[in-house]
Amino acid sequence: VYSHVALRMAEHGDWLTPHFLDRFFLTKPPLLYWLSGASAKLFGVSAFSLRLPSLIAGALGVLIVFLWVREARPWYAALLAAAALLTHDLWFRLSRLNLTDALLSTLFLAALWLLPRAPWITGVLCGLALLTKGLAGLMPLIAVCAILFLRREYRRLALSLATALAVAAPWHLYQYAVHPRWFYSEYIGVEILRYALGTPPQTSQESTAAFYFGRFLSPFAAIGFAALAWTLRKRDWTPALAMALMVIAAVFAYQYRNLAYWMPLAPALAILAGRNLPWYLLPLMLAWPSRDPAMTPVTPVLRTYCELHRSNDLALVSTADEFHATVLPLARVRYVFIAPPPEYGSAMLDFRALGITQTVDDYLAATPPREDLLAWGLPHRRALSTVLLAKDQADVDRLIAARPEWDFLIDASLRLSSTSLAPHPAARSCRL
């Protein structure tokens with residue numbers, strides 16, 4: 001999804017307002033999209049160029065851990081702490097994906113490392129964190145303000161806070177002024193009220209503690225938490241300790257559970273272990289990180305289809321492509337899911353009412369969305385009926401019969417229309 005948004009920015013030049021499948025996409029602020037889009041502009045469109053900002057962020061995080069530990073310990077202890085982070089499974093995997101977690105984690109780490117040296121730069125980094133992940137981006141700013149408040153450094157606190165707001169506020173104010181209803185409903189209603197402060201549907205029925213600690217359990221975590229306990233016992237109130245406690249408090253406060261939220265904890269634990277434990281314990285934190293598959297099982301099928309340059313609509317039926325089709329140069333992509341219509345809260349953007357999501361029954365009956373809802377500022381009519389919801393396989397069969405001009409990808413099998421349209425011009429490579 002984030003790659004699609006970044007590509008659209010790079011190709012269409014609308015750098016202020018993110019779009020996804022021809023609709024506004026205001027779930028996250030735009031810093032990662034800007035960086036990924038600029039990378040694609042500079043180095044060409046590829047999976048590597050789109051992921052390059054996250055890769056650089058992950059590498060910088062490892063470097064900061066080395067420098068931070070080196071301030072207090074010998075070089076070999078700093079090197080082992082940095083290597084522990086580099087080989088940490090969560091850090092290694094998420095730094096290789098075009099997601100916000102690596103960028104946010106490194107901004108958080110850099111903000112606290114630079115706090116004693118340059119509070120105004122810390123403020124800039126906190127503002128960039130807010131532009132990376134919205135409410136979650138508040139973590140560095142809260143930690144910085146808490147540290148400065150406890151130290152009674154009120155002028156530095158005011159400077160950091162003012163700088164952070166000066167960096168983050170313009171984009172938020174722009175979206176509120178230009179797309180007020182969409183911004184409130186998606187950015188605030190969905191991301192904050194539903195996922196951060198509300199109780200969204202969970203992927204696991206475990207308790208929060210079991211979900212996080214069970215998946216984070218490893219020699220790295222055991223030694224890291226031992227270092228955390230030792231630091232607390234000594235009452236050594238270092239910024240790295242504040243970072244660790246802030247992340248733990250945040251993930252338990254968030255209602256939605258996602259292991260990626262633990263990512264900023266990894267460098268904090270590596271620093272605490274590197275600075276407070278005997279160096280010969282640090283090799284125990286090293287691991288051989290797992291490698292996610294480079295592509296989903298359906299990726300080769302999509303690549304083959306893309307290289308046919310067909311101008312037909314492509315409907316993906318119950319296909320777990322992780323939205324890979326949206327970054328390919330295809331004429332038009334729709335998704336068909338066998339699922340019940342979602343329930344939307346009063347504060348949330350109602351994609352069903354807007355016509356972006358429709359049931360198969362409504363789509364085949366040509367039930368139009370209400371014009372007053374389209375007045376919210378739907379940027380393009382092509383966004384209508386992007387997602388179709390089928391009750392069962394019979395609904396899917398009715399859709400296929402009613403749209404003989406469409407191509408269908410069902411699981412990993414292509415069903416091509418006999419209708420021949422003019423070839424679709426390839427705007428970029430299908431090998432992404």
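## A buried salt bridge between strands

In this predicted model, the side chains of R334 and D313 come together in a salt bridge, with N and O 3.1 Å apart. The two partners sit in distant parts of the chain: R334 belongs to strand β4 (residues 332-338) and D313 to strand β3 (residues 313-317), with their positions 21 residues apart in sequence. Both R334 and D313 are buried.

## Salt bridges with partly exposed partners

The model's salt bridges come to 15 in total. One of them pairs the side chains of E71 and R117 at 2.0 Å, N to O. Because E71 lies in the loop between α3 (47-70) and α4 (75-86) and R117 in the loop between α6 and α7, this pair ties together parts that are 46 residues apart in sequence. E71 has a relative accessible area of 44%, so E71 counts as partly exposed; R117, also at 44%, is partly exposed as well.

Another pair to look at is D361 with R398, whose closest N and O atoms are 2.3 Å apart. Here helix α17 (residues 360-364) supplies D361 and helix α19 (residues 393-402) supplies R398, 37 residues apart. D361 is partly exposed at 34% relative accessibility, and R398 is partly exposed at 37%. The pair is part of a network of salt bridges that links D361, K391, D395 and R398.

## The nonpolar cores

Now for the interior. The largest nonpolar core holds 102 residues, and those with the most contacts inside it are V65, W68, F108, L112, W182, W262 and L265. Helix α6 gives the largest share of this core, 11 residues. A second, separate core has 20 residues, including L50, L328, Y335 and L432.

W182 is a handy residue to select in your viewer. Leaving aside residues up to four places away in sequence, its contacts include R23, F24, L26, Y187, L349, F351 and W376.

## Helix α8 and its neighbours

Helix α8 (residues 138-150) runs for 13 residues and spans 18 Å from first to last C-alpha, close to the 18 Å expected at 1.5 Å a residue. Its buried residues are M139, P140, L141, A143, V144, C145, I147 and L148. These buried residues pack against α6 (100-114), α7 (119-133), α9 (154-178) and α13 (239-253). After α8 comes R152, which has a positive phi near 60 degrees.

## A nonpolar patch on the surface

Finally, the outside: W75, Y76, L79, W279 and Y280 form a nonpolar surface patch, with about 590 Å² of accessible area together. Y280 is located in the loop between α14 (265-276) and α15 (299-306), and its 55% relative accessibility makes Y280 exposed.

Notes
Residues numbered from 1 in each chain as written. Predicted model: local features only at pLDDT ≥ 70, side-chain atom pairs only at ≥ 80, totals over all residues. Heavy atoms only, no water. Patch = residues over 30% accessible without salt bridge, like charges linked within 9 Å, V, L, I, M, F, W, Y side chains within 5 Å. Areas by Shrake-Rupley, 256 points an atom, 1.4 Å probe, with all protein chains shown as cover. Salt bridge = Lys/Arg side-chain N within 4 Å of Asp/Glu carboxyl O. Helix = DSSP H or I, 4+ residues; strand = E, 2+ residues; numbered from the N terminus. Buried < 20%, exposed > 50% of the residue type's maximum accessible area, 1.4 Å probe, protein only. Expected span 1.5 Å × (residues − 1). Contact = heavy atoms within 4.5 Å. Core = buried A, V, L, I, M, F, W, Y, C linked by side-chain atoms within 4.5 Å.
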